[in-house]
Amino acid sequence: MSADWSCPMHPEVDSDQAGDCPKCGMALERVIVAASVRQFTCPMHPEIIEDEPGDCPICGMALEPVVVTADDEDNSELTGMARRFRVSLVFTVPIFFIAMSDLLPGQAVRTFLPAAIRPWIELLLASPVVLWGAWPFFVRGWRSIVTRNLNMFTLIALGVAVAYGYSVVAILFPGLFPAAFRDADGHVAVYFEAAAVIVTLVLLGQVLELRARSRTGAAIKALLGLTPKTARRVTASGEEEDVPIEAIQPGDRLRIRPGEKVPVDGRVIEGHSSVDESMVTGEPLPVEKRANDQVVGGTVNGTGSLVIQAEKVGADTLLSRIVQMVADAQRSRAPIQKLADSVAGYFVPAVIVASVFTFVVWAIWGPEPSMAYALINAIAVLIIACPCALGLATPISIMVATGRGASMGVLFRNAEAVELLRDVDTLVVDKTGTLTVGKPEVVAVLCADQWDEASVVRLAASLERGSEHPLSAAIVNHAENEGIELTGAQNFESITGKGVTGIVDGRDSAIGNAALLRDRNIDPGQLAQRADEHRARGETAMFVVVEETVAGVICVADPIKKSTHDAIRRLHDEHVSIIMLTGDNATTAEAVAQELGLERVIADVLPEQKLAVVKELQANGRIVAMAGDGVNDAPALAQAQVGIAMGTGTDVAMESATVTLVKGDLRGIASARALSRATMKNIRQNLFFAFAYNALGIPVAAGILYPVFGLLLSPMIAAAAMSLSSVSVIANALRLRNFTVKS
């Protein structure tokens with residue numbers, strides 16, 4: 001959504017900023033303008049994008065909105081199918097009763113409906129079912145033939161059209177049919193009940209399928225429901241007004257009263273409270289929020305009152321990005337689906353051939369009336385072989401799994417990540433913000449001769465204010481807590497993996513690691529040994545340089561996350577090799593690795609070196625997952641088979657990764673692997689069921705059991721079985737909604 005300003009009395013007056021109307025002088029009001037047209041896509045073929053709802057030109061399934069909204073949608077497809085089913089059922093029941101009446105005790109129908117009249121009544125009742133109830137199937141079937149994308153509706157349309165058309169001709173022109181079509185009494189059989197029952201059962205299957213598919217979006221709707229509809233904005237004059245959430249712009253000040261939801265992502269500028277972030281992060285305990293703390297849209301304020309400054313609104317908020325990632329993942333395609341797609345591409349033509357072959361065999365060698373047997377069995381083959389279950393087997397499981405993952409705090413960007421994560425045997429992890437809390441604190445300041453602590457901190461913090469790294473924030477916060485006044489830095493430059501440079505108070509300055517000193521040919525002198533002593537304790541030491549001379553060393557400690565030990569244990573139990581890959585000093589990295597029990601550490605690496613390590617592991621046959629949270633991790637995240645970003649990290653890392661852990665908790669990797677295994681097991685179950693169903697159903701429908709047992713499969717039973725197979729696949733996939741991780 002976007003916003004413009006307009007006059008309430010002169011709507012033709014608009015502006016892109018606040019002000020007064022040039023005609024009447026009234027203050028302009030903000031007007032929300034839709035920014036984009038809603039689009040629709042196919043759940044089985046995400047490459048199909050349409051501007052209006054309709055059917056997929058490839059498979060014929062109903063299109064779904066690309067962007068899910070929290071509002072209850074008018075599902076016209078489900079509503080229409082349900083209406084057609086109800087009306088068709090009303091007409092089908094009496095048709096079925098009339099057609100099966102001779103099998104009922106006493107044959108009561110014969111007494112008031114002569115045999116000559118019954119076919120005409122069946123025609124009267126079946127016509128609305130076939131010509132109106134089945135109309136969407138005929139449209140989709142015809143389109144599939146025209147576009148050469150044969151699908152399940154091709155088979156349904158052919159089966160129903162043949163059964164109904166044959167029966168109509170049999171009533172109107174019975175003399176056209178030779179003896180092979182007539183029974184012992186010389187009558188030509190009609191199959192209006194088969195056509196009507198097939199349509200009604202397929203409609204029932206469509207209704208059940210559409211309802212089940214709508215449930216797969218429950219996770220997204222639950223996330224969207226976290227966002228409030230309005231926010232309380234504080235104006236420049238201090239007055240407060242309730243405005244729609246779409247009207248909030250970056251920089252707006254918002255009042256959040258006790259018990260209210262945080263409307264957008266922002267920063268606290270006034271007040272103190274505890275905020276329940278469990279709906280986004282999963283953490284059960286409320287988080288204390290004070291001035292300068294970040295808050296996330298959708299979380300719930302506690303008993304205090306806060307004023308925040310909006311920083312990210314609309315599609316840029318964390319919650320919106322989570323929703324979009326889940327939606328994108330649900331529409332993506334897993335590699336295993338290539339198998340189903342390949343089979344489905346040849347399946348429908350093969351079924352048509354099998355149906356024709358069945359007709360020929362029964363027509364030549366079948367009992368009398370052989371042509372009637374041939375027709376009915378050919379129709380049964382067409383109907384039972386509809387590949388809907390095969391097509392749904394993979395995407396429906398992916399849709400449910402990604403939704404379940406979102407509710408667990410694990411966001412999959414695509415279906416490939418869901419499939420690959422279970423096979424990962426090597427996990428490469430960054431240190432700061434991944435293994436550690438990512439909120440380091442300054443623990444020591446070492447000064448060179450003629451330098452004092454305040455001067456060193458002032459110079460370093462003035463430089464670091466322009467950096468996004470967690471270590472930079474620690475230095476700036478330390479300076480503010482010590483009451484040290486900072487100054488501006490000119491010519492600021494961030495050297496990824498080494499440090500930052502700039503001009504402070506007119507002097508060329510820098511702060512960074514040993515690699516930065518080597519690049520500038522600077523000797524740290526005795527401070528190098530003192531820095532090593534702090535690194536041995538797991539601290540990070542950064543050299544402060546002024547005019548090519550080391551002025552001091554700032555030592556920062558970043559505590560290991562409480563959850564990291566358990567996460568490492570769980571991954572080791574699954575025989576995953578874990579490698580720490582960090583730009584930090586080797587001594588510091590070794591201290592952290594020893595505490596966590598990691599088997600390998602690679603320190604002092606630059607972003608391109610992280611990328612090279614991942615490539616080397618892959619060249620050795622390893623399936624690599626890379627977990628990180630910073631800009632310097634982005635190349636390696638993109639290169640790994642599975643890139644895992646910490647939701648507490650940078651936007652660049654999240655964009656480069658295929659999996660995001662919202663809580664920034666490495667235990668989420670073990671949970672995601674367990675969900676990956678459960679999902680692939682579920683997909684294999686669905687594919688086996690779909691393949692087995694068709695492998696058994698087609699021969700039975702063709703009449704393979706007739707020579708031995710005298711059994712034939714009615715097209716009505718075939719239709720019921722076809723609908724049931726699709727519903728069964730969906731029901732099996734929905735079991736993933738109850739997935740839980742065993743710790």
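**Salt bridges in a predicted model**

In this predicted model, the count of salt bridges comes to 19.

**Exercise 1.** Identify the strands that the salt bridge between Asp242 and Arg232 links, and the network to which these residues belong.

*Solution.* The first step is the contact itself: the side chains of Asp242 and Arg232 meet with an N to O distance of 3.1 Å, which satisfies the cut-off of within 4 Å. The next step is to place the partners, and here Asp242 is found in strand E8 (residues 240-244) while Arg232 is found in strand E7 (residues 230-234), ten residues apart. The last step is to follow shared partners, through which salt bridges join Arg232, Glu240, Asp242 and Arg255 into one network.

**Exercise 2.** Determine how far apart in sequence the parts are that Glu548 and Arg520 tie together.

*Solution.* Begin with the closest N and O atoms of Glu548 and Arg520, which are 2.9 Å apart in a salt bridge. Because Glu548 lies in the loop between strand E22 (540-546) and strand E23 (549-557), and Arg520 in the loop between helix H16 (514-519) and helix H17 (527-535), the pair ties together parts that are 28 residues apart in sequence. Glu548 has a relative accessible area of 37% and is therefore partly exposed.

**Exercise 3.** Locate Arg677 and Glu574, and classify each by accessibility.

*Solution.* The two side chains, those of Arg677 and Glu574, meet in a salt bridge at 3.6 Å, N to O. Arg677 belongs to helix H23 (residues 667-702), whereas Glu574 sits in the loop between helix H18 (564-573) and strand E24 (577-581), so this pair connects parts 103 residues apart in sequence. With a relative accessible area of 36%, Arg677 is partly exposed, and Glu574, at 24% relative accessibility, also counts as partly exposed.

How values were computed: Residues numbered from 1 in each chain as written. Predicted model: local features only at pLDDT ≥ 70, side-chain atom pairs only at ≥ 80, totals over all residues. Heavy atoms only, no water. Helix = DSSP H or I, 4+ residues; strand = E, 2+ residues; numbered from the N terminus. Buried < 20%, exposed > 50% of the residue type's maximum accessible area, 1.4 Å probe, protein only.
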